[in-house]
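The following exercises ask for a patient reading of a single chain. Each task is followed by a solution that goes step by step.

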Amino acid sequence: MEQQAAAPMARNRKVVLREYITGRPPREDDMVLVDGGTVTLRVPEGAAPAVLVKNLHLSCDPYMRGRMRDFHGSYIPPFKPGSVIEGLGVARVVDSTHPGFSAGDIVSGMTGWEEYSLIDKPEQLNKIQQSDIPLSYHLGLLGMPGFTAYAGFYEICSPKKGEFVFVSAASGAVGQIVGQLAKLHGCYVVGSAGTNQKVELLKDKFGFDAAFNYKEEPDLTAALKRYFPEGIDIYFENVGGPMLDAVLLSMRTHGRIAVCGMVSQNALTDPVGIHNIFCLVPKRIRMQGFIQSDHLHMFPQFLSDMAKHYRDGKIVYVEDMSIGLENAPAAFVGLFSGKNVGKQVVCVSQE
């Protein structure tokens, strides 16, 4: 009987969470790079259909901070201390026992912060057709952040041409796309960011009509009145806290607020309350939280539209690439101090 050739082996480094974090932003030493030992580059025999991948690019996203606490009431479960951190990634299939995937395929989806991952639910992976668009953009422009911007703006904000749009955290992975989609729709768009470099980026590269550094505005209410003398029709909410309070005072009648995230509140065990919430009543404001996975029926149209906008030069995209798995903790932590410029991605391998 012919013997099967021995499967190749490889070392597998991984980033694990030390322990749950309470009441503060994450630090680099909350995560540790460990040697995961040797892995066989083949799906284990007898396992349910699965896919073994070599991770190429990993995504750093603010929602992952919520998974670093011992809280089970969210839409996604917490990480387990001592276990590998999970996140969205782009990877190359090394071996597959699933009929939908073959060695060499490029895929995107949930994976581990490690060099090799065994994906036991491969039906949740998306196969990527390689093109002129960089693979890492499938974690941003053509990935979850891009789709969050697309679904949030078109489905939740219900925009009309000529409306006044405000985007907070506007230079981030989601905000930069929201602003550009709003401009393409014929809206007047203002963004806020935390450095003067990012403010210039919003105006010069992303085409926002105006932008301001919120750290240089002692009175956010006055700042918004200055940029929106007629009020705000649409607010794409990414930060929460004092900014949301100020925006509520500037909203126009029948305005819409799409609540994508509240990064200022992510690390707080005692979140800051909102004082001006009553504005929702006299102004008949619709304020709605959303998650992109509720809108997956739009994903094929999103991919088609966004790829065309990018190729036509109507949408530009900026990413902040860190090189090496060992730099993933620092890249992630930087999200919460505004260190990144654009979508934060970690390149694990270019092979």
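**Exercise 1.** Which residue with a positive phi follows H1?

Solution. Before the answer, the ground rules: this is a predicted model, in which local features need pLDDT of at least 70 and side-chain atom pairs count only at pLDDT 80 or more, while totals for chains, interfaces and linings use all residues. Residues are numbered from 1 along each chain as its sequence is written, and side-chain values use heavy atoms, with hydrogens and water left out. Helices (H or I, at least four residues) and strands (E, at least two) are DSSP runs numbered from the N terminus. The residue sought is Ser158, which comes after H1 and has a positive phi near 45 degrees. A positive phi is also found just after H2, where Gly186 takes a value of about 90 degrees.

**Exercise 2.** Determine how far helices H1 and H2 are covered, and name what covers the buried residues of H2.

Solution. Fix the term to begin with: buried means under 20% relative accessible area, exposed over 50%, and partly exposed in between, with a 1.4 Å probe and protein chains only. Helix H1 spans residues 144-156, and eleven of its 13 residues are buried; among them are Met144, Phe147, Tyr150, Phe153 and Ile156. Helix H2, residues 175-184, has eight buried residues out of ten, including Ile177, Val178 and Leu181. The cover over the buried residues of H2 includes H1, the strands S8 (164-167), S9 (188-193), S11 (232-237) and S15 (343-347), and helix H6 (299-311).

**Exercise 3.** Describe the surroundings of His138 and of Ser192, setting aside residues up to four places away in sequence.

Solution. A contact here means heavy atoms within 4.5 Å. His138 sits in the loop between strand S7 (126-127) and H1, and it counts as buried because its relative accessibility is 15%. The residues that His138 touches are Val90, Ile128 and Gly143. Ser192 belongs to strand S9 and, at 1% relative accessibility, is likewise counted as buried. Its contacts include Phe166, Val167, Leu202, Phe212 and Met243.

**Exercise 4.** Work out how S4 is joined to S3 and S5, and why S4 can be called largely enclosed.

Solution. Two strands pair if DSSP finds at least two bridges between them. Strand S3 (residues 51-59) runs antiparallel to S4 and is joined to it by seven bridges, with Leu58 having Gly89 in S4 as its bridge partner. S4 and S5 are also paired in the antiparallel sense, over seven bridges, and there Ala91 stands opposite Val107 in S5. Eight of the eleven residues of S4 (residues 86-96) are buried, so the strand is largely enclosed by the rest of the structure.

**Exercise 5.** How many salt bridges are there, and which parts of the chain does the pair Glu163 and Arg256 tie together?

Solution. The criterion is a side-chain nitrogen of Lys or Arg within 4 Å of a carboxyl oxygen of Asp or Glu, and by this rule the count comes to 16 salt bridges. In the pair Glu163 and Arg256, the closest N and O atoms are 2.5 Å apart. Glu163 lies in the loop between H1 and S8 and Arg256 in strand S12 (residues 251-259), so the pair ties together parts that are 93 residues apart in sequence. Both of these residues are buried. In addition, salt bridges that share partners join Arg13, Glu115 and Glu326 into one network.

**Exercise 6.** How many aromatic pairs are there, and why is the pair Phe164 and Tyr188 edge-to-face?

Solution. Rings of Phe, Tyr and Trp (its six-membered ring) pair if their centres lie within 6.5 Å, and planes under 30 degrees apart count as stacked, over 60 as edge-to-face and the rest as tilted. The count by this rule is 17 aromatic pairs. For Phe164 and Tyr188 the ring centres are 5.9 Å apart and the planes are at 75 degrees, so the pair is edge-to-face. This pair links distant parts of the chain, Phe164 in strand S8 and Tyr188 in strand S9, 24 residues apart. Phe164 counts as buried at 18% relative accessibility, whereas Tyr188 is partly exposed, with a relative accessible area of 28%. Both belong to one aromatic cluster, which also includes Phe166, Phe212, Tyr227, Phe228 and Tyr235.
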